[in-house]
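Reader: I've got this one open on my screen and I'd like a close look at a single part of it. Could you pick one buried spot, walk me through what surrounds it, and then carry on outwards from there?

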Amino acid sequence: MNNEKKIPYKIYLEENEMPTQYYNVRADMKKKPAPMLNPATLQPVTEADLTPVFCEELVKQELDNDTPYFDIPQEIQDFYKMYRPSPLVRAYCLEEKLQTPAKIYYKFEGNNTSGSHKLNSAITQAYYAKKQGLKGVTTETGAGQWGTALSMACAYLGLDCNVYMVKVSYEQKPFRREVMRTYGANVTASPSNTTEIGKKILAEHPGTTGSLGCAISEAVEAALSKDGYRYVLGSVLSQVVLHQSVIGLEAKAAMDKYGISPDIIIGCAGGGSNLGGLISPFMGEKLRGEKDYRFIAVEPASCPSLTRGKYAYDFCDTGKVTPMAKMYTLGSGFIPSPNHAGGLRYHGMSPILSELYDQGMMEARSYEQTEVFKAASDFARVEGILPAPESSHAIKAAIDEALHCKETGEEKTILFGLTGTGYFDLKAYEQFNDGTMNDYVPTDEDLQIGFDSLPSVEW
């Protein structure tokens, strides 16, 4: 115990210890993620296919499966210093509350105005848009963390920012919407009547609360219809997992300073950006045969792409205008229930994480939202942070693993990602506290509707 006491509640790196390169986990994967396909030709996409939609440098990062490290431009490193390095926290109070022999750590990414990890990639994507001489960018956002982060990055660099926000979150989370507008972004509830695809979705699904797939379709159409604009995405894509590797690189550096090695690494999973970023350097060690870790992806039972989805080629958006990616998916036609974990309501999962999961390199589980908010409330009462609903899925899994250690007597070390804060999600907490929150788990018949929309593609 005397040795343990030397580990502080919060482990901070010095600024000169921050990562100066992103780590590309694909470089250490013997079996790479399947290539994205051009829906018109069913052939792997090329730079020429993607550059009308994405920034040129980001396209190169997206298609590069072999380069292990990418330099972080100095301007981005300087921006990171406003809120990074982020703390690695030893959850002593939670351990005491649970009376577990497990040692629990969490990497806290909520110490910036956007309230989440999303800023790590937003500034990088905005930087390359600016460097290319573009006027602005378009994007989608679910719960609003990505839209908020991108609006901050665009304001910093003087870019125009147009955000299509999933309608249910637009209505549930007006304060996050107003933060975006304060930073100068134009925010539209999706699906909307401002795009042809939005009008089509509304005609086919009148009264729909929307989905990330819908919002992506609208944002892509908006980018293609205006000169000097490109589309940027906050999750799923390999480039985003690359940028988010700063989370795992910092976490590993902080643990290494104190000789700590995690046994279990846990992250919430929607599109896969934070989970992929957190596990990347640790997964690299596992892929190279240097160390072994147990990885757990946690998703909502209402949108269970890993635990109940199919590993198949699918469109990344509801309007079917994007390239197709091989991923665990519920089908681009799946419209999830309006649960409060808005950032975890995407129909598919990162192709990188999908391939790793298919190889058996990590596990997945799902939880219903009432049990997730119970874990969030318990965590807030002892650790002093009100967590985002998305992050709370990881908290629930970490608590379950710690309680399992209590039963077995094992002193395992658990690391999880606390991706952000829940101060703009108080409507959800109100429903939980009032006892009016409902759980929704799609039936097999519900999921079949989405599966029926899968394209018939073999690769």
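Author: Gly276 has a relative accessible area of 2%, and anything under 20% counts as buried, so Gly276 is buried. Keep in mind as we go that this is a predicted model. Gly276 sits in helix 12, which spans residues 273-287. Setting aside neighbours within four places in sequence, Gly276 is in contact with Val241 and Leu353. There's also another glycine to look at, Gly248: 28 residues separate Gly248 and Gly276 in sequence, and their C-alpha atoms are 8.6 Å apart in space.

Val241 and Gly248 both turn up again in the contact that helix 11 makes with helix 12, so let's widen the view to that pair of helices. Helix 11 covers residues 238-257, and its axis comes within 6 Å of the axis of helix 12, crossing at roughly 55°. How does that angle class the pair? Helix 11 is oblique to helix 12, because roughly 55° falls outside the ranges for roughly parallel, roughly antiparallel and roughly perpendicular. The crossing of helix 11 past helix 12 is right-handed. If you want to colour the residues involved, take Val240, Val241, Gln244, Ser245, Ile247, Gly248, Leu249, Ala251, Lys252 and Met255 from helix 11. Opposite them, helix 12 brings Ser273, Asn274, Gly276, Gly277, Leu278, Ser280, Pro281, Phe282 and Glu285. Sorted by class, that contact has nine nonpolar, eight polar and two charged residues.

Just ahead of helix 11 there's a backbone oddity. Val236 lies in the loop between strand 9 (229-231) and helix 11, and its phi is near 70°, a positive value in a residue other than glycine. Is Val236 buried or exposed? With a relative accessible area of 5%, Val236 is buried. Gln99 also has a positive phi without being a glycine, near 55°. Its setting is the loop between helix 4 (92-98) and strand 5 (103-108), and at 48% relative accessible area Gln99 counts as partly exposed.

While we're on loops, have a look at the one between strand 8 (186-190) and helix 9 (196-204), where you'll find Thr195. Thr195 has 3% relative accessibility and counts as buried. The Thr195 side chain reaches the backbone nitrogen of Gly198 at 2.9 Å. Not counting residues up to four places away in sequence, Thr195 touches Tyr164, Glu218 and Glu221. Pro191 is found in that loop between strand 8 and helix 9 too, and the peptide bond leading into it from Ser190 is cis, with omega near 5°. Another cis peptide bond joins Arg84 and Pro85, with omega about 0°. Pro85 is in the loop between helix 3 (74-80) and strand 4 (88-90).

Now back to helices, for two other pairs to set beside the one we began with. The axes of helix 5 (residues 119-131) and helix 6 (residues 145-157) come within 8 Å and cross at roughly 40°. That angle makes helix 5 oblique to helix 6, and the crossing is right-handed. On the helix 5 side the contact involves Leu119, Ser121, Ala122, Ile123, Gln125, Ala126, Tyr127 and Lys130. Helix 6 answers with Trp146, Ala149, Leu150, Met152, Ala153, Tyr156 and Leu157. The residues of that contact divide into twelve nonpolar, two polar and one charged.

The other pair is helix 15 (residues 369-383) and helix 17 (residues 426-434), whose axes come within 11 Å and cross at roughly 100°. Why are they called roughly perpendicular? Angles of 65 to 115 degrees get that name, so helix 15 and helix 17 qualify. Here Thr370, Phe373, Lys374, Ala376 and Ser377 in helix 15 meet Ala428, Tyr429 and Phe432 in helix 17. Five of the residues in that contact are nonpolar, two are polar and one is charged.

To come back to where we started: Gly276 is buried at 2% relative accessible area, and it is one of the helix 12 residues that meet helix 11.

Conventions
Residues are numbered from 1 along each chain as its sequence is written. This is a predicted model: local features need pLDDT of at least 70, side-chain atom pairs count only at pLDDT 80 or more; totals for chains, interfaces and linings use all residues. Side-chain values use heavy atoms; hydrogens and water are left out. Helices (H or I, at least four residues) and strands (E, at least two) are DSSP runs, numbered from the N terminus. Buried means under 20% relative accessible area, exposed over 50%, partly exposed in between (1.4 Å probe, protein chains only). A polar contact is a pair of N or O atoms within 3.5 Å; within protein, one must be able to donate a hydrogen and the other to accept it, and residues adjacent in sequence count only if both atoms are side-chain atoms. Contact means heavy atoms within 4.5 Å. Axes are lines fitted to C-alpha atoms, for helices over the stretch in contact, and angles run from 0 to 180 degrees between N-to-C directions. Angles under 35 degrees count as roughly parallel, over 145 as roughly antiparallel, 65 to 115 as roughly perpendicular and the rest as oblique. A crossing is left-handed if the near helix is turned anticlockwise from the far one by less than a right angle, and right-handed if clockwise. Ala, Val, Leu, Ile, Met, Phe, Trp, Tyr, Cys and Pro count as nonpolar, Asp, Glu, Lys and Arg as charged, and the others, Gly among them, as polar.
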